[in-house]
Amino acid sequence: MRKRQGDPARVPVLFIGGHSRSGSTLLSRLLGQQQSMISVGELTFIGSRGFQNNQLCSCGQPFSECPFWSEVVAQVAGPTPSKWFARFDQLRQEVDRMRYVPALAFHHNSQTTSFSMARSAEYIEMLNALLKSIAAITGADVIVDSSKEPPHGFLLSKCNSVNLYPLHLVRDCRAVAFSQQRIRVRPEIYWKTEHMPRFSPTKSATDWMLTNSLMHLLGRTAGRYFRIKYEDMVLDPKKVSTALLNWVGVNITSPSNGPRVLNGAGEHELSGNPMRFKQEFKITPDIEWVESMATRDKIVTTAISASLLLKYGYGLTIPATSQKDHQHSR
């Protein structure tokens, strides 16, 4: 094993940040195939979607029946888990907000800021406890947290037991906007039928600009930063995962089914894309938006996101008129 970068006394946490529908669950599963890493999904929702709502873990068990999460709960919350996780989620809703990113980014210690000083410090300490517990139970060299939202990343950067690796995952804004209009069932909510949230192309593009801009800021705050594109990941997953593992500094192991097939469902991932429940998943590019997205939606999202599209090398060309437009014109 190579010597890890940074403080060896801290838990290395690879935080996947970026906009929703950018492939964070796919990347989390890809990294979770490595023996040295444990992918826990969107840890930010452990209090609400996990403990309180008892949604399915990717292992197929409800949160309360999952052996792994049950052990984590017992270790961090002791005899009063309901009280502990209710407090954790209350604090998350108060301090895990976009409006507080400037205070977290431009002050070395969040306790010196004027916003919710005691609450932010308490929440950060609870995050510390969760991550230390996960590291102790799994023995993993690196924890992969795919919570995505930048405010969570900034809070992780304040945890004194965390050695943070901010991984910025980018996907073409037009593909993201198209994906956010799809109707998809959330299988983790097993007691009723509920769909993933849907958004207009304008909102998707506006949020895409903000989220990706804040990930650049998180990299400067954390003192390290790595960016990958969804399109590169699906074309050559082995190359991308190798680069990431070299960046973090851990041993590389190859999945038994090869780099383009994910073998087995995500072990114990919370929240995220439904593909985490699939026992076998073949990695292929999702480019449906090129043909199926309405041209007017392509134009709107391109106009809003133009500056970062160019920065990331996507270009501003609008693909040819889609079949959907032909149908609407009849």
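**Exercise 1. Which residues in α1 are buried?**

Solution. The model is a predicted one.
Step 1. Take the cut-off: a residue is buried when its relative accessible area is under 20%.
Step 2. Apply this to the helix. In α1, the residues S24, T25, L26, L27, S28, R29, L30 and L31 are buried.
Step 3. Helix α1 spans residues 24–32, and 8 of its 9 residues are buried, so the rest of the structure largely encloses this helix.

**Exercise 2. Describe the surroundings and the pairing of β3.**

Solution.
Step 1. Strand β3 covers residues 142–148, and 7 of the 7 are buried, so this strand is largely enclosed by the rest of the structure.
Step 2. Sort the side chains by direction. V142, V144, S146 and K148 point one way from β3, while I143, D145 and S147 point the other way. In a regular strand, side chains alternate between the two faces of the sheet.
Step 3. Find the partners. β1 pairs with β3 in the parallel sense over 4 bridges, and L14 is opposite V144 in β3.
Step 4. Strand β2 (residues 37–39) also pairs with β3 in the parallel sense, over 3 bridges. Here M37 is opposite V142 in β3.

**Exercise 3. Locate residues with a positive phi that are not glycine.**

Solution.
Step 1. R21 has a positive phi of about 70° and is not a glycine. R21 sits in the loop between β1 (11–17) and α1.
Step 2. Check its exposure. The relative accessible area of R21 is 10%, so R21 counts as buried.
Step 3. N54, also a residue other than glycine, has a positive phi near 55°. The loop that holds N54 runs between α2 (46–52) and α3 (67–77).

**Exercise 4. Count the disulfides and examine C66.**

Solution.
Step 1. A disulfide requires two cysteine sulfur atoms within 2.5 Å. By this rule the count is 0 disulfides.
Step 2. C66 is in no disulfide: the nearest cysteine sulfur belongs to C59 and is 3.9 Å away.
Step 3. Turn to accessibility. C66 has 0% relative accessibility and therefore counts as buried. C173 has 0% relative accessibility and therefore counts as buried.

**Exercise 5. Analyse the aromatic pairs.**

Solution.
Step 1. Ring centres must lie within 6.5 Å, and planes over 60 degrees apart count as edge-to-face. The count comes to 9 aromatic pairs.
Step 2. One of them joins W84 and F85, with 4.8 Å centre to centre and 65° between the planes, and is edge-to-face. Both W84 and F85 are buried.
Step 3. Y165 and W247 form an edge-to-face pair, at 5.2 Å centre to centre with 90° between the planes. This pair links distant parts of the chain: Y165 is in strand β4 (residues 162–170) and W247 in helix α11 (residues 237–248), 82 residues apart.
Step 4. Y165 is buried because its relative accessible area is 0%. W247 is buried because its relative accessible area is 13%.
Step 5. Look for a cluster. F51, W84, F85, F88 and Y123 form one aromatic cluster.

**Exercise 6. Characterise the internal empty space.**

Solution.
Step 1. Rolling a probe the size of a water molecule over the atoms shows where empty space is left.
Step 2. The structure has 1 cavity of 30 Å³ or more. The volume of the largest cavity is about 40 Å³.
Step 3. Its lining is made up of F45, R49, G50, Q55, L56, L270 and S271.
Step 4. Classified by type, the lining of the largest cavity has 3 nonpolar, 3 polar and 1 charged residues.

Definitions and conventions:
Residues are numbered from 1 along each chain as its sequence is written. This is a predicted model: local features need pLDDT of at least 70, side-chain atom pairs count only at pLDDT 80 or more; totals for chains, interfaces and linings use all residues. Side-chain values use heavy atoms; hydrogens and water are left out. On a 1 Å grid over the protein atoms alone, a cavity is a set of points where a 1.4 Å probe fits but cannot get out, and a pocket is an open set with protein on both sides within 12 Å along at least five of seven lines; lining residues have an atom within 4 Å of a point. Grid points are joined across faces, edges and corners, and a volume is the space filled by probe spheres set on the points. Ala, Val, Leu, Ile, Met, Phe, Trp, Tyr, Cys and Pro count as nonpolar, Asp, Glu, Lys and Arg as charged, and the others, Gly among them, as polar. Buried means under 20% relative accessible area, exposed over 50%, partly exposed in between (1.4 Å probe, protein chains only). Helices (H or I, at least four residues) and strands (E, at least two) are DSSP runs, numbered from the N terminus. Two strands pair if DSSP finds at least two bridges between them. Rings of Phe, Tyr and Trp (its six-membered ring) pair if their centres lie within 6.5 Å; planes under 30 degrees apart count as stacked, over 60 as edge-to-face and the rest as tilted.
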